[in-house]
Amino acid sequence: KHGLGEDLKEVALKIAASPKKNAARPRTVIFTQGSESTIVARDGKVEEYKVTPLPKEELVDTNGAGDAFVGGFLAGLLEKKEMASCVEAGHWAARFIIQQSGCTLTKACEYKL
C-alpha cells in the first residue's frame with residue numbers, strides 16, 4: 001500500500017502537498033474516474049468536476065479517453081484558462097473520443113476554448 005489513505009480527495013491533497021523542486025508554481029493533481037467526477041487538488045484545496053453522462057448507446061470505445069482528456073486539459077492550460085475551463089475541455093475531448101472506434105477523428109473538432 002502507498003499509505004496515503006483510501007479517500008481519493010485526501011490522496012490527491014497529500015500528493016499535491018508533496019515536495020517538488022520547482023517551488024515557483026504549485027503542484028496540481030488530477031484524478032479522472034471515467035464517468036465519475038474528476039478530482040483536482042492544488043494549493044491545499046480540492047475541487048470535484050462532474051462528468052456529463054453519456055448515453056450507453058453512444059459509447060463506442062474507451063481507448064484513448066485519458067489521453068484525450070490530457071490533450072483537452074493542456075490546451076486550456078496553455079491558453080491560460082481557469083481550472084474549470086481546462087477540465088471542461090478535457091471532458092469534452094474524452095467524451096468525443098469514446099464515441100469513436102479507436103483513436104480516430106471522424107470530423108473536425110468543434111470545441112472552442
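Two strands are said to pair if DSSP finds at least two bridges between them. In this predicted model, β1 and strand β2 (residues 36-42) pair in the antiparallel sense over 4 bridges, and within this part of the structure I30 stands opposite V40 in β2. The sheet as a whole is open and is formed by 3 strands in the order β1-β2-β3, with antiparallel pairing. Because β1 (29-33) and β3 (45-49) stand at the edges, each with a single partner strand, one side of each is left without a neighbour in the sheet. From one strand to the next, the twist averages 15°.

Two helices lie across strands of this sheet, and the table sets out their placement.

| Helix | Strands it lies across | Approximate angle |
|---|---|---|
| α1 (residues 8-16) | β1, β2 and β3 | about 150° to β1 |
| α3 | β2 and β3 | about 145° to β2 |

The nonpolar interior can be described next. The largest nonpolar core has 13 residues, of which F73, M83 and V87 touch the most other members. The elements that give two or more residues to this core are α2 (65-78) and α3 (83-97), and the largest share, 6 residues, comes from α3. When its neighbours within four places in sequence are left aside, M83 is in contact with T28, V40, R42, Y49 and F73; of these, V40 is the residue in β2 that I30 stands opposite. A second, separate core of 5 residues includes A12, A16, V29 and I39.

How values were computed. Residues numbered from 1 in each chain as written. Predicted model: local features only at pLDDT ≥ 70, side-chain atom pairs only at ≥ 80, totals over all residues. Heavy atoms only, no water. Core = buried A, V, L, I, M, F, W, Y, C linked by side-chain atoms within 4.5 Å. Buried < 20%, exposed > 50% of the residue type's maximum accessible area, 1.4 Å probe, protein only. Contact = heavy atoms within 4.5 Å. Axes fitted to C-alpha atoms, helices over the stretch in contact; angles between N-to-C directions.
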